[in-house]
Amino acid sequence: MATPLNLTSNVFFFIFTAALLYIAYTIPGLHPPPAPHRQTSLVFYVHDYFSGEGDATATTVAGSSGAASSILQFGTIAAVDDPVTEGPSPESREIGRAQGIYVNSQLNGKALHMVFSVIFTDGEYKGSTLEIQGADVFGMKEREFSVVSGTGYFRFVKGYGVMETEFMDLANLRGILKLNVTVKHY
Ligand SMILES: *[C@@H]1O[C@H](CO)[C@@H](O)[C@H](O)[C@H]1NC(C)=O
């Protein structure tokens, strides 16, 4: 049973709460509008050398003919730790490393599945990483891959990239790839 005193305090409590809510919702900054989706675009180059005089950064580790299997053969797995540079030249500033795995996953040998991290060690995105996964039908001029997510500046991102072969020495399996990535931040 509500006594007159309790009724008064209930009414007071209701008015007080309503007033607080009104103030909270009318003071600018207390409920900022949701941030618009930001987008970041970046272009970088990956130097992928399966052979070389001390500069090889990719190696096959398993395959149907053992570790010596060619990356151009179905079933071959390679580990990579490729330099990532600002520009296409090998002398261009190194801004990170592309570290991960390629698996030749097309029966005719003409496509790789790539899973790697781009670990930025210098430049604007130093300390952040991008996680890349997708098919690389390397005979195509342009092929699209997905950017699964990232860390640091790239936390929660999603996006895609377009890969182009900038240079290819197929006999020695030395290539330079241009990656043009677009990600959205959530
Ligand atoms: C990167 O790709 C976007 C489209 O996704 C394009 O508009 C832009 O011109 C490309 N940049 C370079 C340097 O290729």
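Strands, numbered from the N terminus, are DSSP runs of E that comprise at least two residues. All views show a predicted model.

**View 1. The loop between β8 and β9, with F156.** F156 lies in the loop that connects β8 (142–151) with β9 (158–169). Although F156 is not a glycine, its phi is positive, at about 70 degrees. F156 counts as exposed because it has 11 C-beta neighbours inside 10 Å, and a residue is exposed when 12 or fewer other C-beta atoms lie within that distance. The two flanking strands, β8 and β9, form a hairpin with six residues between them, and G152 in the turn also shows a positive phi, of about 65 degrees.

**View 2. The pairing of β8 with its partners β7 and β9.** On one side of the pairing, strand β7 (residues 129–136) runs antiparallel to β8 and is joined to it by five bridges, with I132 standing opposite V147 in β8. The connection from β7 to β8 is a hairpin that passes through five residues. The strands β8 and β9 likewise run antiparallel, here joined by six bridges, and in this pairing S146 stands opposite Y160 in β9. In a regular strand, side chains alternate between the two faces of the sheet.

**View 3. The loop between β9 and β10, with L173.** L173 lies in the loop that leads from β9 to β10 (174–185). L173 has a positive phi of about 50 degrees, although this residue is not a glycine. With 19 C-beta neighbours inside 10 Å, L173 counts as partly exposed, because a residue is buried at 20 or more such neighbours and exposed at 12 or fewer.

**View 4. The surroundings of R174 in strand β10.** R174 is found in strand β10, and R174 is buried because 20 other C-beta atoms lie within 10 Å. Leaving aside residues up to four places away in sequence, R174 touches Y49, F50, S51, G52 and D169. T57, although 117 residues from R174 along the chain, has its C-alpha atom at a separation of 9.8 Å from that of R174.

**View 5. The residues around the ligand.** The ligand is surrounded by V43, V162, N180 and T182. Sorted by class, this shell consists of two nonpolar and two polar residues, and no charged residue belongs to it.

Technical notes
Residues are numbered from 1 along each chain as its sequence is written. This is a predicted model: local features need pLDDT of at least 70, side-chain atom pairs count only at pLDDT 80 or more; totals for chains, interfaces and linings use all residues. A residue is near a molecule or strand if its C-beta atom, placed from the backbone, lies within 6 Å of it. Ala, Val, Leu, Ile, Met, Phe, Trp, Tyr, Cys and Pro count as nonpolar, Asp, Glu, Lys and Arg as charged, and the others, Gly among them, as polar. Helices (H or I, at least four residues) and strands (E, at least two) are DSSP runs, numbered from the N terminus. Two strands pair if DSSP finds at least two bridges between them. Two residues are in contact if their C-beta atoms, placed from the backbone, lie within 7 Å.
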